[in-house]
Amino acid sequence: MNIEEWKSQIKRGTLEFCILLLIRQQSSYGYEIISILDKYPIIAAKENTIYPLLRRLLKEEYISSSWQEGTEGLPPRKYYSITDKGQEYIGAMSAEWENLLDAIKEIKGE
């Protein structure tokens, strides 16, 4: 495995968590989520990855969606918000993330 393959594995394991964290901070639409993630190359993802993930999170009821009219002639946008079930899921994911970070720090000798 090379570094690019390893980075791909990291992305797959953390992308859902990062999307939920963003949506928890504020309701967002798909392109906005993609734009924010683009700032972080290790987790940046394209539309063909983000939108199916958002649909799955909707189906699993971790997020909800609503259409909001655009301003200044922009089309309506589908905004995603975190649900109570999503909040619980983020809490569980956060605990596991901290456990992972602690284990890595310990293994590294920090």
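This is a dialogue between a student and a tutor about how to read the features of a predicted model.

Student: Where should I begin, and how many helices and strands does the chain have?

Tutor: Begin with the overall layout, and keep in mind throughout that the model is predicted. The chain has four helices and three strands, and from the N terminus on these elements follow one another in the order α-β-α-α-β-β-α. Taken along the principal axes, the C-alpha atoms fill a box of roughly 55 × 30 × 20 Å.

Student: How much of the chain counts as buried?

Tutor: Of the 110 residues, 29% count as buried. The accessible surface comes to about 7,600 Å², and carbon and sulfur atoms account for 52% of that surface.

Student: What should I look for in the interior, and which residues have the most contacts inside the largest nonpolar core?

Tutor: The general idea is that in soluble globular proteins nonpolar side chains tend to be buried together. In this model the largest nonpolar core has 22 residues, and those with the most contacts inside it are Ile19, Leu37 and Ile50. The elements that give two or more residues to this core are α1, α2 (30-37), α3 (47-59), β3 (77-82) and α4 (84-108), and the largest share, seven residues, comes from α1.

Student: If I pick out Ile19, which residues is it in contact with, leaving aside neighbours within four places in sequence?

Tutor: With those neighbours set aside, Ile19 is in contact with Ile33, Leu37, Ile50, Leu53, Leu54 and Leu57. For the chain as a whole, if you take the contacts with a separation of 6 or more, 52% of them are between residues 24 or more positions apart.

Student: And at the surface, which residues make a nonpolar patch?

Tutor: Met1, Ile3 and Trp6 make a nonpolar surface patch of about 400 Å². Trp6 belongs to helix α1, which covers residues 3-25, and this residue counts as partly exposed because its relative accessibility is 47%, a value that lies between the cut-offs of 20% for buried and 50% for exposed.

Student: Let me turn to charged side chains: how many salt bridges does the structure hold?

Tutor: The structure holds four salt bridges, and a useful way to read each of them is to ask where its two partners lie along the chain. In one of them, the side chains of Lys7 and Glu4 meet at 3.4 Å, N to O. Both residues lie in helix α1, three residues apart, which is about one turn of the helix. Lys7 counts as partly exposed, since its relative accessibility is 30%.

Student: Which salt bridge links distant parts of the chain?

Tutor: Look at Arg56 and Glu16, whose closest N and O atoms are 2.3 Å apart in their salt bridge. This pair links distant parts of the chain, with Arg56 in helix α3 and Glu16 in helix α1, 40 residues apart. Arg56 is partly exposed because its relative accessible area is 32%, whereas Glu16 counts as buried because its relative accessibility is 13%. Glu16 and Arg56 are also linked with Glu60 in a network of salt bridges.

Student: Are the partners Glu110 and Lys108 buried or exposed?

Tutor: Both Glu110 and Lys108 are exposed, and in their salt bridge the closest N and O atoms are 3.0 Å apart.

Student: How should I read a residue in a loop, and is Thr83 buried or exposed?

Tutor: Start with its place, then its burial, then its partners. Thr83 lies in the loop between β3 and α4, and it counts as buried because its relative accessibility is 18%, which is under the cut-off of 20%. A polar atom of the Thr83 side chain lies 3.0 Å from the backbone oxygen of Tyr62, and a polar atom of that side chain also lies 3.0 Å from the backbone nitrogen of Gly86. Leaving aside neighbours within four places in sequence, Thr83 is in contact with Glu61, Tyr62, Ile63 and Ser64.

Student: As a last case, what does Glu47 touch, not counting residues up to four places away in sequence?

Tutor: Glu47, which is found in helix α3, touches Ile34 and Pro52 when those residues are not counted. Glu47 is partly exposed because its relative accessible area is 47%. Its C-alpha atom is separated by 36 Å from that of Ile107, a residue 60 residues apart from Glu47 along the chain.

Conventions. Residues numbered from 1 in each chain as written. Predicted model: local features only at pLDDT ≥ 70, side-chain atom pairs only at ≥ 80, totals over all residues. Heavy atoms only, no water. Patch = residues over 30% accessible without salt bridge, like charges linked within 9 Å, V, L, I, M, F, W, Y side chains within 5 Å. Areas by Shrake-Rupley, 256 points an atom, 1.4 Å probe, with all protein chains shown as cover. Buried < 20%, exposed > 50% of the residue type's maximum accessible area, 1.4 Å probe, protein only. Core = buried A, V, L, I, M, F, W, Y, C linked by side-chain atoms within 4.5 Å. Contact = heavy atoms within 4.5 Å. Polar contact = N/O pair within 3.5 Å; in protein donor to acceptor, adjacent residues only side chain to side chain.
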